[in-house]
Amino acid sequence: MRGATHAKWVACAAAAALTATACGSGGSDSGSGDGGTVLSSSWGDPQNPLEPANTNEVQGGKVLDMVFRSLKRYNPETGAAEDMLAEKIDTTDSQNFTITVKDGWTFSNGEKVTAKSFVDAWNYGASLKNNQKNAYFFEYIDGYTATHPAEGGKQTADTLSGLKVVNDKTFTVKLTQKFSTFPDTLGYPAFAPLPQSFFSDHAGWLEKPVGNGPYTIASYTKGSQMELKKWADYPGEDKAQNGGVTLKVYTDNNTAYTDLMAGNLDLVDDVPAAQLKNVKNDLGDRYLNTPAGIIQTLAFPFYDKKWNTTGSDKVRTGLSRAIDREQITDTIFQKTRTPATDWTSPVLGEEGGFKAGLCGDACDYDPAAAKKLIQEGGGLPGGQVKISYNADTGSHKQWVDAVCNSINNALDNDKACVGNPVGTFADFRNQITDRKMSGPFRAGWQMDYPLIQNFLQPLYYTNASSNDGKWSNKDFDTLVNQANAETDTAKAVETFQKAEEVLRDNMAAIPLWYQNGSAGYSERLSNVKLNPFSVPVYNEIKVS
Amino acid sequence: MGRYVIRRLLQMIPVFIGATLLIFLMVNVMGDPIAGLCGDRQCDPATAAQLKKEFGLDKPVWQQYLTYMGNVFTGDFGTAFNGQPVTELMSTAFPVTIRLTIVAIVFEIVIGITLGVVTGLRRGRPVDTGVLLLTLVVISVPTFVTGLLLQLLLGVEWGWIKPSVSSDAEFGELIVPGLVLASVSLAYVTRLTRTSIAENKRSDYVRTAIAKGLPRHRVVTRHLLRNSLIPVVTFIGTDIGALMGGAIVTERIFNIHGVGFQLYQGILRQNTQTVVGFVTVLVLVFLVANLLVDLLYAVLDPRIRYA
């Protein structure tokens, strides 16, 4: 045995030195035998355990999107919430909902998907003792405070009193407040149903999650690779068009791109910034650059008196006008970002609440006006703005420096703006939660679901979960409440836009640009596209 | 000899405690790791508090350290944020990095010492000058440049190797990354050997050996090389630890899921348990390698005695 290993090593060494033969196992790329060919795709190590209510980043979300189907699903092209497992969701008052689950759906282990599968999963997600990071998605359901008391409180219930199973197919949801777009939020992965094995053998389930989506997990080696196979008996209409997907963890997206170029990888869903210049030459049509539900903004610390004086809105608007968004998105981002003209995202569409130009003059580059506004507003607090960002991931340094340059040029002052790098993301978040920011800081927002509500309420409503700048405005809050209570969607959207105008008049945060999703793929693939969450629509990819 | 080893082993204890304490403090200074777990939004305070309690982060640092050290001695290195025990991460990462280190060390020994002997014996000749120039180039070019260049040329342009290493990371795949990792040290080994050989070539015992009429290869291997290797062995010994811990750049370029990758992830996610655990093991590797080097001296030069 030992001898054999040595011999293999020597042979490999010789082979690697002489020819193209690689001695890795490499078996994962080869066809699976049953139903179509397998494609390989780049992946990042998920940060949290792979549970629906515990996954809040793209990498884990990618997998959930393949192995789970929920009551609703966001159309991969339009982003509209469409019924998936939901036969109907009825309400008369926008507060009490009756949800009927379609017949014929099962988990890949054969277990039926019933009303109980949802209720159990949601109760699990909301319960504080399960440490689920997305627990707040259930906060509108009645009884949430008992299962998930505020810090220091004692948990008094394990289940949400607002959820009731009526029969196998039906359950009811009672919310604490009117929330007309609630059904549209149900496509978020946190609302996915869970099979009994999740509760009976939790550790085993985490080793190899079982869901009800078009793919099943064949093997999962944490930190390196996950093999997903097409589930042949999948009852839905969006069956997988390929035999499966192998997700490979890459230490660096540059290496993934190199592997794509060398023909070892089929799909890269994050083209590294350094390669954006060459990507069109390298890939031609096989490069995707499509809008995603992500917006970058600059937030302000409103808890700091300097930024909360009368007239400081003029300073903020002035800063906004001093940023040459067009130039920065062209040169630094190679057009993978679009200058923002409102606080939402183009993926919502006009009906969904996106309104190009809502920001108006305030987002137009005009150095003279910028200078005047800042002077009128009393000048920059302390004579200088420091833009904070985390320097460990993404290429934030580049654009922050560019934004500062733009501001400095507009104000004819070399020291008007400087970047303030923070070492790690965790530390950056720390300083934000501890309210230690002394100037503007970068604030990225990736939508949870394609609703205008999701771009406004969590970010700017008084004391909302992601209101990092602690902005607070009564008019805004009132309009958001009105919009949520509206049963007519079009009217709700209109009211949300009115709230957005309040946002603009106060310049609560400077919108910078909308982010696109980017991807590149090999010649073997066709019908590749990115959904509004910038995740590839894996089940529609065809492999030749 | 035995007493010497015991004394050295005892000396390791304060070094070990000091090193782990330092790492522990450094990671803790960076702030609350839970804050980064919820992405670009604030964790809801109740969940954050619950998580802190679970990972023991709600206690004062000295207490965390004591608990941690207590657990380490029972072989429990804690849990990473993604729910995996750190020992599980180690059991997948260390074998890969050890293989990579072996490849690198073999390159250092075989190529480095051979070149060193050849140039040392022919000092001032064109071969010597050529190799000296070459090592100068290797030392001055950063590893990531060599790595990316080789990856691009061998992997993409010529297609001789796969640009990335698969998750199995077998020896065959690690040859090019190993060479990249070894390159700088390899140049140093060459230069060290060369100087040492050139110096000892003129020593009395070599002249005696030649005068006795011993064949040349015996003079070189038994007399000259054995005595010249002491500084080289010291260097290679300490390099083992440096290679294992310092492979971050190489591992990133070639997609090797070893110690460097885990450390990088751990630091990025501010995962105290992962970082401290891996560094603790690396400190141990350093200490043991140093001890072995010291013991090897006696084998190479019998004049060296340990009391």
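This is a short chat about reading a predicted model with two chains, A and B.

Visitor: Let's begin where the chains meet. How many residues of each chain take part in the contact between chain A and chain B?

Guide: Start by counting who touches whom. Chain A brings 62 residues to the contact, and chain B brings 54 residues. Then look at the area: about 5000 Å² is buried between chain A and chain B, with carbon and sulfur atoms giving 52% of that.

Visitor: And how many salt bridges are there between chain A and chain B?

Guide: Look for a positively charged side chain facing a carboxyl group. Between chain A and chain B the count is 1 salt bridge. Asp252(A) and Arg252(B) make it with their side chains, at 3.5 Å from N to O. Watch the chain letters here, as Asp252 belongs to chain A and Arg252 to chain B. There are also 12 residue pairs in polar contact between the two chains, counting pairs with both residues at pLDDT 80 or more.

Visitor: Which elements of chain A give two or more residues to the side that touches chain B?

Guide: They are helix H1 (2-18), helix H8 (253-262), helix H15 (425-433) and strand S16 (441-446). Sorted by class, that side of chain A holds 21 nonpolar, 25 polar and 16 charged residues.

Visitor: Now a helix. What span should helix H3 of chain A have, and how far apart are its end C-alpha atoms?

Guide: You can predict a helix's span from its residue count, then compare. Helix H3 of chain A, residues 115-126, has 12 residues, so at 1.5 Å a residue it should span 16 Å. Its end C-alpha atoms are 17 Å apart, which agrees.

Visitor: Is H3(A) largely enclosed or largely open, and why?

Guide: Count the buried residues. In H3(A), 11 of the 12 residues are buried, so this helix is largely enclosed by the rest of the structure. Among the buried ones are Phe118(A), Asp120(A), Trp122(A) and Tyr124(A). The cover over them includes strand S5 (96-101), helix H4 (144-147) and helix H7 (202-207) of chain A.

Visitor: What about loops? Is Asn242(A) buried or exposed?

Guide: Check the accessibility rather than guessing from the loop. Asn242(A) sits between strand S9 (225-230) and strand S10 (244-249) of chain A. Its relative accessibility is 2%, under the 20% cut-off, so Asn242(A) counts as buried. A polar atom of its side chain lies 3.1 Å from the backbone oxygen of Tyr538(A).

Visitor: What is the phi of Lys335(A), and where is that residue found?

Guide: Look at the sign of the angle and at the residue type. Phi of Lys335(A) is near 65°, a positive value in a residue other than glycine. Lys335(A) is in the loop between helix H11 (325-331) and strand S13 (337-339) of chain A, and it is exposed, with a relative accessible area of 53%. Arg435(A) also has a positive phi, near 55°. Its loop runs between H15 and S16 of chain A, and Arg435(A) is partly exposed at 43%.

Visitor: Last one: how many helices and strands are in chain B?

Guide: List the elements from the N terminus on. Chain B has 12 helices and 0 strands. Its C-alpha trace spans about 85 × 55 × 30 Å along the principal axes. Of its 307 residues, 50% count as buried. Finally, among contacts in chain B with a separation of 6 or more, 78% come from residues 24 or more positions apart.

Key
Residues numbered from 1 in each chain as written. Chains lettered and ligands numbered in written order. Predicted model: local features only at pLDDT ≥ 70, side-chain atom pairs only at ≥ 80, totals over all residues. Heavy atoms only, no water. Contact = heavy atoms within 4.5 Å. Buried area = accessible area lost by both parts, 1.4 Å probe. Salt bridge = Lys/Arg side-chain N within 4 Å of Asp/Glu carboxyl O. Polar contact = N/O pair within 3.5 Å; in protein donor to acceptor, adjacent residues only side chain to side chain. Helix = DSSP H or I, 4+ residues; strand = E, 2+ residues; numbered from the N terminus. Nonpolar A, V, L, I, M, F, W, Y, C, P; charged D, E, K, R; others polar. Expected span 1.5 Å × (residues − 1). Buried < 20%, exposed > 50% of the residue type's maximum accessible area, 1.4 Å probe, protein only.
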